[in-house]
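Subject: Structure handover

Hello,

I am passing this structure on to you, with some notes on what turned up in it. Please have a look at the model first and then read on.

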Amino acid sequence: NLATNDEVLRREMRQLEGAWFSTEKVQRSRQRLLRLGLFDDVNIETPPVAGSPDQVDIAVTVKERMVNQFMAGIGYSDADGALVNASVNFKNLVGTGKELQLSGDNSRVNRHVNLTYTNPYYTDDGISRSLSLFSTRTDAAAANVASYTSDTQGASMSFNVPVSEKHSVNAGIGYESVNIELPEISPSKVAQDFVAANGDTNSGFKLTLGWARDTLDDPLIPNSGTLQRFSVEASVPSSDLEYYRLSYSAGAYVPLVKWLTFKVKGGADYGDGYGETLELPFYKNFYAGGTSSVRGYRSRSLGPRDVGGPDETLPIGGSKRVLVNTELLFPFPGMTDNKSMRLSAFVDGGMVYGSDDIVDLSTMRYAAGIAFNWYSPIGPISISYAQPLNAETGDETENVQFTLGQPFR
């Protein structure tokens, strides 16, 4: 790594030189520096100025992280199975804080290649800009989803605007081309109907808009604060397909005692077609079940089924989703000061509903269990054991679930 430019640190400081001293602003400055992901640790000291009893210096010491790197590795998740990935990531490009990343992932479900360039200070006011090119191939049958394959290529440009210390908005535009392939034997009935009505290749521009409010004390392993997000994805009118997707989530971390934190989180998603498109394209559906949503149930298994699938029971996702999660987070026994490792006791809940379904919260599935999360030297590791609380006939349950190299929920 090249040494980080002083400008990268100064632009994150909220305690300004010559201004009235504020403990809150000093703490916020440390949080913003940690959020950059460039440093293992940030220490801010305020020694008094010799001969000036009413003044202090601000001494910032950072321990730089090796962030410009080439990585190749393997991972595993209950959703996608074994994963092989490689990436070249210049997260601190020539010490400027700009990021350039070329990455590729290959699993039984997805083959994904992405090139992204991000300038976190595209303007002096802190507006960031990201440019991306991507290609994804998804084998839905390998993901325990109705039988079809999709190829997606596209490009996008997005901006993130900090409205205040806690609030930000983002907006973007992208182009996407999707090709659907159906197997000769036992193709998905939902996919067949979609291709018959819309063709097997669809393309067009889409717009994205989002809002976030973030007061978490740590971006990786928070112990206090809240996080809310709202996002909209919509195709541009007159595109091959006209649709929109809305998503909202909110979570809070409440420290009960020094070593125990209570977490609560919930979310809702909704999508539909508009204009000449009658419903949300099936490959844009929402899913639930698995490590990232409702542990104790097989990944992507909850909700509507595709009756035309090979075994008459494959899930196809839905246009509406509700998720809830509560957890008690605590350190691994004997490792109270180890911030990279902790345990939790949790209750998860959720369900997916089709376009013709009414959202009935009484049909939601729940599970309770324990989990172990560790930011290990080879990547994030998560292991959970969950017991479904109200599984019904036909549900696909899975008590033990494991991920390696995947971000925590």
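**The cavity**

A search of the whole structure finds one cavity of 30 Å³ or more. Please keep in mind that the model is predicted. The space in this largest cavity comes to about 130 Å³.

Its lining is made up of 14 residues, and those nearest the centre are Glu176, Ser203, Gly204, Leu241 and Tyr243. Two elements, β11 and β12, each give two or more residues to the lining. Of the elements, β12 gives the most, with five residues. By character, the lining of the largest cavity divides into five nonpolar, five polar and four charged residues.

**The surface patch**

There is also a nonpolar patch on the surface, formed by Leu131, Met157, Ile173, Tyr175, Phe205 and Leu207. Together these residues have about 500 Å² of accessible area. The elements that give two or more residues to the patch are β11, which covers 167–181, and β12, which covers 201–214. β11 and β12 therefore appear in both places: they give two or more residues to the nonpolar patch and two or more to the lining of the largest cavity.

One member of the patch, Leu131, lies in strand β9, residues 128–139. Is Leu131 buried, partly exposed or exposed? With a relative accessible area of 31%, Leu131 is partly exposed, and because patch residues need over 30%, Leu131 meets that cut-off.

Regards

Notes:
Residues numbered from 1 in each chain as written. Predicted model: local features only at pLDDT ≥ 70, side-chain atom pairs only at ≥ 80, totals over all residues. Heavy atoms only, no water. Patch = residues over 30% accessible without salt bridge, like charges linked within 9 Å, V, L, I, M, F, W, Y side chains within 5 Å. Areas by Shrake-Rupley, 256 points an atom, 1.4 Å probe, with all protein chains shown as cover. Salt bridge = Lys/Arg side-chain N within 4 Å of Asp/Glu carboxyl O. Helix = DSSP H or I, 4+ residues; strand = E, 2+ residues; numbered from the N terminus. Buried < 20%, exposed > 50% of the residue type's maximum accessible area, 1.4 Å probe, protein only. 1 Å grid on protein atoms, 1.4 Å probe; cavity = no way out; pocket = protein on both sides within 12 Å on 5 of 7 lines; lining within 4 Å. Points joined across faces, edges and corners; volume = space filled by probe spheres on them. Nonpolar A, V, L, I, M, F, W, Y, C, P; charged D, E, K, R; others polar.
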